Amino acid sequence: MERELHDRHDRLDDLMRDPYPLYTRARAAQGLVWVPELDAWLVARDEDVREVLRRTGEFSSANALRPDVMPAPAALAVLGGGFGGRPVVVTSDGERHQLLRAPLLRALSPARIAAAVPYARERAAALVDGFVTEGRVELMSAYATRLPGEVIGRIVGLDPADVPLVVHGGRRAEELLFRPLPEAGQVAAAEDVVAMQHVLDRYTHPREDLATDIVASVAEPGHAELPLEQRHEAVAHLQNLLIAGHLTTTALIGTTVLHLLGHRRQWELLCERPDLIPAAVEEAARHDGALQGFRRVATRPVTLAGTELPAGAELFVAFGAANRDASRHPRPDTFDITRTAPARHLAFGFGAHACVGAQLAREQLRITVEELTRRLPDLRLTRGRPVTMRPTLIHRSPEELHLTWRAS
């Protein structure tokens, strides 16, 4: 049994590191394809993905973040000492989803994002200052994991001293639920998650920031202080927002720089024509998105793409597969920053659950590419350091991204 479980994880890792061959087969198949490694029906065509995302009454988001790995009892016991563990905006439907989404839409309005851009530019420049004279950098640790956490932390209203712990806790939460760790590793990850949750619990007291808006969305009228259950809910929402706000953008920074540098002529064109940067950001997100998809569950018997699904059937709705669908994107496997209408992709979802932070992510990607093309035009992938993708469909990105240039 243990060997069988190990083999399944190996197959799942291989699929996650490169899901695109599976996507190609699934798009060509009649109906939907059952994928044992995902324990779900794969929805891979653009038309079908959009249909699922439109039919929210028949395809619930309740299982959107179903773990790939169930934590061991010892790790669950540690998590029991923390906060959260309640449904959040990405796993809610109907009126509850609208209620939880409302404060995020207000906080991440175009005006609020525009107000955050100068800070993001300042921090991006400072991070590049930290390595620009070195001639080499591992971009994920030195830049990509840092900028998004600092930016979303500022928007939410976190003390800057709390941001590194929250970023670390978010990544550990992802590892705990989506990576096969030994029991001791699970317990250690759970301890880091709980430490993050206790920090976030401090933000459930009224203040003038996004954290307070989220607290108000779960609070019962007449309570000066949140009861314990509402504190759990507030921490769950803060944790979900912060994890989504930094891990997704971190991943997109990594894949965007990887593909631009992997297509040398396009990088050089971008250095010559910075007006192409917005289109390059859209093409990078389409070509190899960080969020490859989310799960859905059928609420009743339903037919999709000619496949009859019973109530309770699980689906993996693959945005990454839809973004390589030739019916929507000509030459879909080609990375081309001069592509027309690049924003028709699904990298940030679609419909009721479309990513509320998409514009914030785009701004940070544009700032990053502007900063790197302007200051390091001869930036290159380091020879002899092959890039390995992280085995995840939630925040797909390079594990490490080693870069070199001529230092001044």
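This report covers two sheets, several helix packings and two buried residues in a predicted model.

The model is predicted, so local features need pLDDT of at least 70 and side-chain atom pairs count only at pLDDT 80 or more, while totals for chains, interfaces and linings use all residues. Residues are numbered from 1 along each chain as its sequence is written, and side-chain values use heavy atoms, with hydrogens and water left out.

## The five-stranded sheet

Helices (H or I, at least four residues) and strands (E, at least two) are DSSP runs, numbered from the N terminus. Two strands pair if DSSP finds at least two bridges between them. Strands of a sheet pair through backbone hydrogen bonds, either parallel or antiparallel.

One open sheet has five strands in the order 1-2-8-5-3, with mixed pairing. Its edge strands are strand 1 (33-35) and strand 3 (59-60), each of which pairs on one side only. The table lists three pairings from this sheet.

| Strands | Sense | Bridges |
|---|---|---|
| Strand 2 and strand 8 | parallel | three bridges |
| Strand 5 and strand 8 | antiparallel | five bridges |
| Strand 3 and strand 5 | antiparallel | two bridges |

Individual bridge partners can be named. Leucine 42 has phenylalanine 316 of strand 8 as its bridge partner. Arginine 295 also stands opposite phenylalanine 316 in strand 8. Serine 60 is matched with valine 297 in strand 5.

Helix 2 (residues 20-28) packs on the sheet. Helix 2 touches strand 1, strand 2 (40-43) and strand 8 (314-318), and its direction makes about 80° with that of strand 2. Axes are lines fitted to C-alpha atoms, for helices over the stretch in contact, and angles run from 0 to 180 degrees between N-to-C directions. Contact means heavy atoms within 4.5 Å. Helix 3 (residues 46-54) lies across strand 2, strand 3, strand 5 and strand 8, and runs at about 120° to strand 8.

Strand 8 is mostly covered, with five of its five residues buried. Buried means under 20% relative accessible area, exposed over 50%, and partly exposed in between (1.4 Å probe, protein chains only). Both faces of strand 8 are covered. Glu314, Phe316 and Ala318 lie on one side, and Leu315 and Val317 on the other.

## The three-stranded sheet

A second open sheet has three strands in the order 4-10-9, with antiparallel pairing. Strand 4 (136-138) and strand 9 (380-381) are its edges, each pairing on one side only. Strand 9 and strand 10 (residues 402-404) are joined by two bridges in the antiparallel sense. Leucine 381 has leucine 403 in strand 10 as its bridge partner.

## Helix 9 and aspartate 162

Helix 9 (residues 163-178) has 16 residues and should span 22 Å at 1.5 Å a residue; its end C-alpha atoms are 23 Å apart, which agrees. The expected span is 1.5 Å times one less than the number of residues. Its buried residues include Val163, Arg172, Glu174 and Phe178. The buried residues of helix 9 pack against helix 4 (73-79), helix 8 (147-156), helix 10 (183-201) and helix 12 (228-262).

Aspartate 162 sits in the loop between helix 8 and helix 9. Aspartate 162 is buried, with a relative accessible area of 11%. Leaving aside neighbours within four places in sequence, aspartate 162 is in contact with Val199, Arg202 and Tyr203. Its C-alpha atom is 30 Å from that of alanine 347, and the two are 185 residues apart along the chain.

## Helices 12, 13 and 16

Helix 12 and helix 13 pack at about 105°, with their axes 5 Å apart. They are therefore roughly perpendicular to each other. Angles under 35 degrees count as roughly parallel, over 145 as roughly antiparallel, 65 to 115 as roughly perpendicular and the rest as oblique. Leu260, Leu261 and Gly262 of helix 12 meet Arg264, Trp267 and Leu270 of helix 13. By class, this contact of helix 12 with helix 13 has four nonpolar, one polar and one charged residues. Ala, Val, Leu, Ile, Met, Phe, Trp, Tyr, Cys and Pro count as nonpolar, Asp, Glu, Lys and Arg as charged, and the others, Gly among them, as polar.

The axes of helix 13 (residues 264-272) and helix 16 (residues 358-375) come within 9 Å and cross at roughly 90°. Trp267, Leu270 and Cys271 of helix 13 meet Val369, Leu372 and Thr373 of helix 16. That contact of helix 13 with helix 16 has five nonpolar, one polar and no charged residues.

Threonine 255 is in helix 12. Threonine 255 is buried, with a relative accessible area of 0%. Not counting residues up to four places away in sequence, threonine 255 touches Asp288, Met389, Arg396, Ser397 and Pro398.
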